[in-house]
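Good morning, and thank you for coming. Today I shall describe one protein chain, beginning with how far its coordinates may be trusted. Please look at the structure as it appears.

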Amino acid sequence: MSGIRSYALVTAAYWAFTLSDGALRLLVLLHFHALGYTPVELAFLFVLYEFFGVVTNLLGGWIAATTGLRSTLLGGLALQVVALGALSLLDPTWGRAVSVAYVTGVQALSGIAKDLTKMSSKSAIKALVPQDDSALFRWVALLTGSKNALKGAGFFLGGLLLSLFGFRYSLWGMAAGLVFILLGALVQLPVAMGKAKGKAAFSTLLSKSREINLLSAARFFLFGARDIWFVVGVPVFLSSQMGWTFTEVGSSLALWVIGYGFIQSCAPALLGRFTGGRAPRGGAAQVLAFGLAAVMALIPLALLFTPLPPAAVVLGGLAAFGVVFALNSSVHSYLILAYSDGDKVALNVGFYYMANASGRLIGTLLSGVMYQMAGLPGCLWTSMAFALASAVIALWLPRGGKEVALSQVKVEVGGD
């Protein structure tokens, strides 16, 4: 039972961190928007956060194999505490350029912390949980799938804390909660958790498989398509154009992420109805990406040519986006398994999530740039172009591949 108890603690750490990460993103975005920062400046606040997500996704497994999962998990939690404390020291009398540089640097620590914690928590499944216990395996899959609901709750929490307690006190409260979790993990987790007997050569971290490279490129554009509207465009639109409060903006984003996570968790069953219970192939990624591009084109067209309220068009359209996006992401997460040999799964998944994080980085930058240049419609049209690029790349994905049980997708999906 010690392994189960340890994994329960790891899961608690992952839950607490995910709440703080979602809350921190919205705290920073809404606080600096209220101070009058431009959309481009808001996007730059998250540039190093996303950039170091790319680096950490690529190197995280290699680091964990050398130092152990306990070290990387504790390091991720500690870095987030440092980042929260450092942000609370921000002085409103500093110049705008200094403030942007400072917050961007602190956000880099948070980006590293996020992916160290995520990688450690997900990898702990194999290190701590008995693999021959199917009931326990399903329980672990359920816990892992709770990430998106918690991330959505974090958005709500961030907006609520900012409204009730202000920027600095909210950061202190979140830091105190993570310190409590960090101390528990420090005392209870086994020192050698997840430490490999040997380590992979650094050169093996980059994939050389054509299928993996194509899928990773499609993943890059898929997640770029999401973050182009999600990071800056829609929150700023709802706050500045619709006059919504911080809590209302946070609640709407929270509901979107929770709904997206629910569809994602149901994706294997939903996709199975169209595939006759068989696993999806590359064609499913193509169809869903083209569908996503169509949804993104319809939203700005509806804003231009229908009398519907703009908020209803945007939120309704993005709800449709969330459904198609969740299914598309699920297909990708299946295909990364189907295209990987058994002894290369970890390395291929790391490379794939590096592409995922790269798409988020570019999407974050474009979200601020396009909103400042062309408003929300500019974000939506650019998102449509990225979804279309993902669909075109998916045309070259092979139709075949090794069979992997659809139930296995439930564990792998949702790595964003």
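I begin with residues 403-415, where pLDDT stays under 50. For this stretch the model has 36 contacts beyond four places in sequence. I should say at once that the model is predicted. Where pLDDT is low, the predicted coordinates should not be read in detail.

For the protein chain overall, the average pLDDT is 81, and 78% of the residues score at least 70. Residues 132-141 also have a pLDDT below 50, and in the model this stretch makes 9 contacts beyond near neighbours in sequence.

Let us turn to the overall fold. Which secondary structure does the protein chain contain? There are 14 helices and 0 strands. Read from the N terminus, each element is therefore written as α in the order of the chain.

The protein chain has 416 residues, of which 55% count as buried. Consider next the contacts between residues at least 6 apart in sequence: 88% of them join residues at least 24 apart. As for the outside, the chain exposes about 16600 Å², and carbon and sulfur atoms supply 71% of that area.

Now to the interior. The largest nonpolar core holds 108 residues, and those that touch the most other members are Val28, Phe32, Trp229, Leu318 and Phe321. Helix H13 gives the most to this core, with 15 residues. To take one of these residues, what does Phe32 touch, not counting residues up to four places away in sequence? Its partners are Tyr37, Leu42, Leu45, Leu90, Val103 and Phe167.

Helix H9, residues 233-241, is mostly covered, with 7 of its 9 residues buried. The buried residues are Gly233, Val234, Pro235, Val236, Phe237, Leu238 and Ser239. After H9 comes Gly243, which has a positive phi, near 75°.

Finally, we return to H13, which spans residues 345-394 and includes Leu388. Is Leu388 buried, partly exposed or exposed? Its relative accessibility is 36%, so Leu388 counts as partly exposed; the partly exposed class lies between 20% and 50%. Leu388 also belongs to a nonpolar surface patch of about 450 Å², together with Phe290, Val392, Leu395 and Trp396. Leu388 and Val392 may be read with a general rule in mind. An α-helix has 3.6 residues a turn, so residues three or four places apart point the same way.

To close, H13 gives 15 residues to the largest nonpolar core, and Leu388 of H13 takes part in a nonpolar patch on the surface. Thank you for your attention.

Conventions
Residues numbered from 1 in each chain as written. Predicted model: local features only at pLDDT ≥ 70, side-chain atom pairs only at ≥ 80, totals over all residues. Heavy atoms only, no water. Patch = residues over 30% accessible without salt bridge, like charges linked within 9 Å, V, L, I, M, F, W, Y side chains within 5 Å. Areas by Shrake-Rupley, 256 points an atom, 1.4 Å probe, with all protein chains shown as cover. Salt bridge = Lys/Arg side-chain N within 4 Å of Asp/Glu carboxyl O. Helix = DSSP H or I, 4+ residues; strand = E, 2+ residues; numbered from the N terminus. Buried < 20%, exposed > 50% of the residue type's maximum accessible area, 1.4 Å probe, protein only. pLDDT = per-residue confidence, 0-100. Contact = heavy atoms within 4.5 Å. Core = buried A, V, L, I, M, F, W, Y, C linked by side-chain atoms within 4.5 Å.
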